[in-house]
Amino acid sequence: MLPVARVAVDIPLAHLDRPFDYLVPERLADQAVPGCRVRVRFAGQLTDGYLLERAAASQHPGQLARLERVVSPEPVLSPELAALAREVADRYAGTMADVLRLAIPPRHARTESALASPEPGLAPGESGLDPGQPGLDPGESALPPPGPAPDPAAGGDPGAPGGVGAAGPCVTATHTGVHAAIPAAPAVPTGPVHPVPRPEPGSWSQYRAGPAFLDALASGRAPRAVWSALPGPHWPDEIARAAGTAAAAGRGALIVVPDARDLSLLDAGLTRVLGPGQHITLAAGLGPAERYRRWLVVRRGTVRIVAGTRAAMFAPVADLGLVVLWDDGDDLHAEPRAPYPHARDVLALRAHRAGAAALIGGFARTAEATSLVASGWARPLSADRAVVRDRIPQIQAAGADSELARDAAAQTARLPSLALRTARAGLASGPVLVQVPRRGYLAALGCARCRARARCATCGGPLSLAHAGAVPGCCWCGAHDPQWRCPRCAHGGLRAMVTGAGRTAEELGHAFPGTPLIASGGAEEPVPAVPGSPALVIATPGAEPRAAGGYAAALLLDGWALLGRPSLRAAEEALRRWLNAAALVRGAAAGGRVVVVADAGIPAVQALIRWDPATHAERELAERVQLRFPPAVRMASLTGPPDAVDSLLAAAQLPDTAELLGPVEAPEGARMLLRVPRSAGQALAAALRDAQAVRSARKDPGPVRVQLDPAELS
DNA sequence: TCAATCCGTATC
DNA sequence: ATACGGATTGAC
C-alpha cells in the first residue's frame with residue numbers, strides 16, 4: 001500500500017532541492033506517515049529528511065533505496081508547511097532545507113514522548129505541570145478539555161537565541177517588577193480546544209473600520225488591514241480582541257511581535273482579555289525542550305492563539321484565520337539566516353494561502369505596508385483625525401537652526417532650551433523619557449549648507465567617504481563623484497550627517513540634580529517598566545520602558561543620528577522610533593509633551609508633530625517609486641568573494657529588465673545589486689536560484705549570499 | 001598492462 | 001557534500 005515515500009532531504013545544496021523517492025520497508029509502513037522525520041541513505045551517507053508524501057509509484061527510472069529509519073512518527077511537516085516552505089524558498093532564491101531549518105525546531109525526544117501520551121499521564125520532569133512554580137505562568141496556560149480539534153496547518157521555529165540587533169536581548173528578570181519577558185514552566189494543554197467566547201470590541205470602536213473588521217473576522221471572512229494604532233498602551237488588548245474574535249469563530253490566530261518585551265506585553269494583554277489558557281507564546285531563548293514542547297502543543301491544535309517573536313512566523317497554527325504583525329518596520333522582523341525571509345512577507349503569504357485575515361501595523365507605517373494598501377491587498381485601518389488628536393501628546397520640534405545654534409553649550413549637550421524647559425515641567429508630574437541614539441551609526445554625507453542627503457548621480461544610492469578627505473563614493477554602484485554638487489542648493493561642500501553620540505546620561509544628571517536617573521538599553525540592561533513617579537528615563541530606541549500612567553514628557557534627542565544614517569529607510573526609521581517613544585507619553589489633555597530635537601522642516605518631523613505616519617509613508621512610497629527602490633521594485637544583493645559573485649552572475653539567466661549596480665567593496669568581498677520591476681521579481685529569484693544550483697553542482701568555490709529585498713540597502 | 005589519480009556527474 | 005565511474009597519466 002503506497003510503497004513509495006517522497007522525501008525532502010536535509011542537504012543545503014541548491015541543486016538537490018527537490019524530493020527524492022524511497023521504498024518504504026514493510027516494518028516502517030505504519031510509522032512512515034507524511035510529515036514525519038526520516039533517516040535515509042543519500043549519496044552513500046545517512047542523512048535526515050522529511051517524508052513529504054506516500055505514493056503508489058515512482059517516476060524515478062533507477063532502483064529506489066529504502067528508508068533507513070523513521071526518526072519519529074510525529075508529523076512535523078504538514079502539507080501546508082511543506083508548501084509554505086517551498087514558496088518561501090522560491091521567493092527568496094533559497095532552498096527548502098534552509099527554510100525548514102527555520103520553521104521546524106530541533107526534535108527533543110524526551111519532550112516528544114512525554115507529550116505523546118494523549119491522556120494527561122504527564123511524565124515527571126520538565127514538561128508536565130510543574131508544581132514547583134505555581135502561578136508563574138504568563139506564557140501559556142493549562143487548558144481544560146472538550147470540543148473538537150481541527151487539523152494542524154503549518155510549522156514554526158523558535159530560533160535565534162538572544163536579541164539580535166536593535167532591541168535588547170531577552171530579559172529573564174524584571175527590574176521594576178512588571179513582566180518577565182520569558183514565561184516560565186507552564187502547564188501542558190493536552191485536551192482538545194475549548195470554545196472561546198467572542199470578546200467585546202473594546203477600544204476597536206475608536207477606529208473607523210474597527211468594528212467592521214471584527215465583524216468580518218467573526219463571520220469567518222478574511223479582512224486584511226494595515227493598521228495605524230492609536231498611541232497609548234492599548235495595542236496588546238486590541239490585538240488580543242482581534243485574536244479572540246478569530247478564535248471564537250473557530251479559527252487560529254498567529255501574532256508576531258519584534259522582541260521579548262513586546263511579547264510579554266502582548267502575553268499580558270491576551271491573558272487580560274481572553275483569560276488564562278487561551279494562548280501560548282513561542283519565544284527565542286526558551287531552551288530546546290520547552291521550545292519543542294510548545295511547538296508541538298501548537299501543532300496539535302490544542303491552543304488556537306499563538307504569539308511569538310520572528311521565529312514564530314512559521315508556527316503550525318491550526319486552521320489559521322488571522323495573522324497579526326506588530327510594528328512591521330522593526331528590523332528584528334527580518335530573519336538574519338538564509339534565505340533571509342521577512343515576517344511581513346511570510347505572514348502575508350500565509351494569510352493568502354490560508355484565506356486568513358491579516359492585521360499589519362503599529363504606531364508607524366512602513367512603505368511596504370503602504371504598498372500592500374496601494375495594491376489593494378489590504379485596507380487602511382485607522383482612527384479619525386479627531387480621535388488621534390485627542391490621544392496624542394503635544395509635540396514640538398526644537399530645530400537645529402534657532403535655539404541650538406545660539407547656545408554652544410546646549411549644542412554640545414544636544415539639549416535645546418525648549419527641551420530643557422519641557423523636561424523640567426514634566427518632572428513636576430511624572431517620569432520623563434529621554435530617547436538617545438545608540439552608538440555606531442555610520443556617517444552618511446549630506447550637503448554642508450542645506451543638509452540634503454548626498455546621493456549618487458548615477459544610481460541614486462547614498463554617498464559615503466571611505467576615509468577623511470577621500471573622494472565621495474556610492475555605497476551601491478561604487479561610482480566616484482569628485483564634482484558632487486547639491487541638487488537642491490548647488491552648494492559643493494559635503495559634511496558628515498552624524499555627530500558622535502556620546503553618553504547623555506551624565507550630562508542630564510548634571511542638568512537635573514536630585515532627580516532619579518534610570519537607564520535602559522545601550523550599555524544598560526533594558527528596563528521593561530518604570531513607576532509613575534518623577535524620574536529621568538534615558539533609553540535607546542526600542543528599549544524605552546513603559547511608564548505607569550504614561551510619561552509626562554519625552555525628549556527625542558537622536559534626530560540627527562537617526563536621520564543621518566546612510567540607509568534608504570533612515571527617515572521612516574527615525575519616525576518609527578519617535579512614534580514608538582511618543583506613544584508612551586500621556587495625551588496633551590493630561591499634560592503630555594514631546595520635544596524632538598530636529599529641524600521642523602524635515603518631513604519625518606512634520607509627520608511626527610501631526611501624528612500622520614500614513615501620509616509620510618505614502619510620500620515615502622511615492623519617492624521610492626520615482627527612485628526605483630524597494631518596495632516599488634525588487635532588488636537582490638549578491639555578496640561574497642569577487643570571483644564567486646562573478647561566477648554566479650555569469651551563470652544567471654537574468655530577466656532582461658534586470659539592472660546591475662556595482663560591484664562595490666563589502667566586508668565579505670564584493671557586492672552587486674540587481675534591480676528589476678516588481679513584475680519580474682519571481683523571475684529574478686528563480687534565475688538566482690538556478691544559478692546557485694549550477695554553482696553548487698559545479699562545486700564552484702566561495703559562498704555567495706543572495707538576499708532579496710534586503711532590509712538595509714547599505 | 002596495471003594502478004593511482006583526476007574530473008565530472010549523480011545523489012532516490 | 002560524497003561516492004562512483006570513466007578517462008588520464010605514469011611506471012613497470
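**View 1. The surface near DNA strand C.** In this predicted model, the surface near DNA strand C has 2 nonpolar, 2 polar and 1 charged residues. Let's put names to them: Leu13, Ala43, Gly44, Gln45 and Lys699 are the residues around DNA strand C.

**View 2. The surface near DNA strand B.** Now look at the other DNA strand named here, DNA strand B, with 13 residues around it. Which of them come nearest? They are Phe20, Asp21, Ala43, Leu64 and Ala65. You may recognise Ala43, since Ala43 is also one of the residues around DNA strand C. Sorted by class, the surface near DNA strand B has 8 nonpolar, 3 polar and 2 charged residues. Both strand 2 (20-23) and strand 3 (37-42) supply at least two residues of this surface. The largest share, 3 residues, comes from strand 2.

**View 3. Helix 9 and its cover.** Is helix 9 (residues 367-374) mostly covered or mostly open? Mostly covered: 7 of its 8 residues are buried. The buried ones are Ala367, Glu368, Ala369, Thr370, Ser371, Leu372 and Val373. To see what covers these residues, look for the following elements, which are included in the cover: strand 6 (224-228), helix 8 (343-354), strand 11 (357-362), strand 12 (379-381), helix 16 (570-582) and helix 18 (613-627). Just after helix 9, find glycine 376, with a positive phi of about 85 degrees.

**View 4. Helix 16 beside helix 18.** Two of the helices that help cover helix 9 also meet each other. How do helix 16 and helix 18 run relative to each other? Their axes come within 11 Å and cross at roughly 170 degrees, and helix 16 and helix 18 are therefore roughly antiparallel. On the helix 16 side, Ala571, Glu572, Leu575 and Leu579 take part in the contact, and they meet Pro613, His616 and Glu620 in helix 18. This contact has 4 nonpolar, 1 polar and 2 charged residues. As you trace the helices, keep a general rule in mind: an α-helix has 3.6 residues a turn, so residues three or four places apart point the same way.

**View 5. Strand 21 and its two parallel partners.** Follow the side chains of strand 21 (residues 536-539): Leu536 and Ile538 point one way, Val537 and Ala539 point the other way, and all are buried. Strand 14 (residues 432-435) runs parallel to strand 21 and is joined to it by 4 bridges. Here valine 434 stands opposite isoleucine 538. Strand 19 (residues 517-520) also runs parallel to strand 21, again with 4 bridges. Leucine 517 has leucine 536 as its bridge partner in strand 21.

**View 6. An open sheet of 4 strands and two helices packed on it.** In what order do the strands of this sheet lie? The order is 26-27-25-28, with antiparallel pairing. Strand 26 (659-666) and strand 28 (705-708) are the edge strands, each pairing on one side only. On average, neighbouring strands are turned by 20 degrees against each other, direction ignored. Strand 26 and strand 27 (residues 669-677) run antiparallel and are joined by 6 bridges; leucine 660 stands opposite leucine 674 in strand 27. Helix 19 (residues 642-651) packs on the sheet, where it touches strand 25 (633-640), strand 26 and strand 27, and its direction makes about 25 degrees with that of strand 27. Helix 20 (residues 681-698) packs on the sheet too, touching strand 25, strand 27 and strand 28, and its direction makes about 20 degrees with that of strand 25.

Conventions
Residues are numbered from 1 along each chain as its sequence is written. Chains are lettered from A and ligands numbered from 1 in the order in which they are written. This is a predicted model: local features need pLDDT of at least 70, side-chain atom pairs count only at pLDDT 80 or more; totals for chains, interfaces and linings use all residues. A residue is near a molecule or strand if its C-beta atom, placed from the backbone, lies within 6 Å of it. Ala, Val, Leu, Ile, Met, Phe, Trp, Tyr, Cys and Pro count as nonpolar, Asp, Glu, Lys and Arg as charged, and the others, Gly among them, as polar. A residue is buried if 20 or more other C-beta atoms lie within 10 Å of its own, exposed if 12 or fewer, and partly exposed in between; C-beta atoms are placed from the backbone. Two residues are in contact if their C-beta atoms, placed from the backbone, lie within 7 Å. Axes are lines fitted to C-alpha atoms, for helices over the stretch in contact, and angles run from 0 to 180 degrees between N-to-C directions. Angles under 35 degrees count as roughly parallel, over 145 as roughly antiparallel, 65 to 115 as roughly perpendicular and the rest as oblique. Two strands pair if DSSP finds at least two bridges between them.
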